[in-house]
Amino acid sequence: MAAPFDPPTNFETKPHVPPWVPPPATKEPLDWAHLRTIELSLLDSPDPAVVQKLVETAKAAIKEDGFLYLTDYGVSLEQLHRQFSIAQYLHRNISETDKDRLHWNPESGIYSGYKPGFGWRNKNGAVDGILHFNFYKDDFASLDRVPTCIHPFMDEITSFTTYLTESVNRRLLALLSRVLELPDDYLWDNVQSHGPPIAEGYLRHALYLPMLEETKQLGKGLRMHGHCDFGTTTMLFSVPISSLQIWGTDSKWHSVKYNPGALVINIGETLELVSGGHFKATRHRVVAPPEDQMNDERLSIVIFNSSIGELRMEPAYESPLIQREGCIESQGAYKEFKLIRDQGVPVPTNRQWREAHIADSTHPTEAKQHETVVVNGIKMNKKNYLGVNILLPA
Ligand SMILES: [Fe+2]
């Protein structure tokens, strides 16, 4: 059995952190995505039939939706809410000096540091009401690189992140390896980057403030463009504010419903490539919340797991699933990488791929936007990273 999360509990020695109070879930009848639920503890079941059913459910979820709910993964709701309280504390208490000193620079290819509620790249941009702090491994390694107000809580943030990456993600990758009919540690050993607490990925504490009218106008109600994640798995803690939408096989956007305590997992492009297109890196975006949540803040904690940077992704041809069924040629990133490979040109390394994504990222409120084209009646953003064409619903 996997050990549950066992965080530091030396709260009396630290400043008081006001508890995060989850805002009420929306009562509006949104067009919900019907995501499957994986109860991760069942992976340890002594009953092979239970485990097999779990593998089958995971297979259907990542093939059809690219998204799933993960429950019973070892973190209690109380432990999770403590992390949200710390994230809220960061955004309430970060000093002006730290905001300036730790300002992020996406053009460097990494999101490390602080993003204020205006300007995606620089301090002169439009108000977007999105505040981030992103922790990469170097930020965990030096207190100088994180806001002073959270120094007393770095032990808790670090142990939480380590549990999520080294226990939860490792077990999730074991399940996904089984879908490929490979040994449990295949994806962990061959694809996932290592090194606690976050390896080559990052942790994000994000706060979406209620949208100002001018922000709504500028971004046409969008808070984040439709995109696919580039890493292995993204672990997003389900939150009450219903702003996340995913692109369905019916070519429509569907909202992701609040599931208290659950992790919303999505597959990144690296796993789409390794799986030969059997796993789906699904497009998703962030939009203005429904009317009854318009005045609420959306606090969000996300862990972006990343692959080994030096690898150039190839399908795992030793997978019996791939040997039996071949690769899925129609799939997004898989298809585009194959076009490059077929020309005899080396595909980008995972690090080049993710850094190109980040350096080229844009926000809906910015003047700089990607070229748009209409494909089958749907408006798409067109990008080209390192010779690989990408089309995403605008
Ligand atoms: Fe994303």
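These legends accompany several close-up views of a predicted model.

**View 1. The whole chain, for orientation.** Before zooming in, here is the overall picture: the chain holds 11 helices and 15 strands. Its radius of gyration is 20 Å, close to the 21 Å that the globule rule gives for 394 residues, so the chain is as compact as a globular protein of that length. Along its principal axes, the C-alpha trace spans about 55 × 50 × 45 Å. Of the 394 residues, 41% count as buried. If you enjoy contact maps, take the contacts between residues at least 6 apart in sequence: 77% of them join residues at least 24 apart.

**View 2. The annotated span, residues 198-307.** The unreviewed UniProt entry lists these residues as "domain: Fe2OG dioxygenase". In the model the span is 12% helix and 37% strand. Its end C-alpha atoms lie 11 Å apart.

**View 3. Strand β7 and its two partners.** Here we look at β7 (residues 233-237), where 5 of the 5 residues are buried, so the strand is largely enclosed by the rest of the structure. Both faces are covered: T233, M235 and F237 are buried on one side, and T234 and L236 on the other. In a regular strand, side chains alternate between the two faces of the sheet. Strand β10 (residues 263-267) runs antiparallel to β7 and is joined to it by 5 bridges; within β10, I265 is the bridge partner of M235. Strand β12 (residues 298-304) is also antiparallel to β7, with 3 bridges between them, and there L236 has V302 as its bridge partner.

**View 4. The largest nonpolar core.** This core gathers 81 residues, and those with the most contacts inside it are L70, F135, L172, L176, L263 and I265. Helix α5 (residues 154-179) supplies the largest share, 10 residues. Follow L172 for a closer look: leaving aside residues up to four places away in sequence, L172 touches L40, L70, T233 and I265. I265 should look familiar from the previous view, as the bridge partner of M235. In soluble globular proteins, nonpolar side chains tend to be buried together.

**View 5. An open sheet of 4 strands.** The strand order is β6-β11-β8-β9, and the pairing is antiparallel. At the edges are β6 (222-227) and β9 (253-255), each pairing on one side only. From one strand to the next, the twist averages 25 degrees. Inside the sheet, β8 (residues 244-247) and β11 (residues 284-287) pair over 3 bridges, and Q245 has R285 of β11 as its bridge partner.

Terms used:
Residues numbered from 1 in each chain as written. Predicted model: local features only at pLDDT ≥ 70, side-chain atom pairs only at ≥ 80, totals over all residues. UniProt positions renumbered as here; feature names shortened; annotations may be inferred. Helix = DSSP H or I, 4+ residues; strand = E, 2+ residues; numbered from the N terminus. Rg over C-alpha atoms; globule rule 2.2 N^0.38 Å. Buried ≥ 20, exposed ≤ 12 C-beta atoms within 10 Å, placed from the backbone. Contact = placed C-beta atoms within 7 Å. Pairing = 2+ DSSP bridges. Axes fitted to C-alpha atoms, helices over the stretch in contact; angles between N-to-C directions. Core = buried A, V, L, I, M, F, W, Y, C linked by C-beta atoms within 7 Å.
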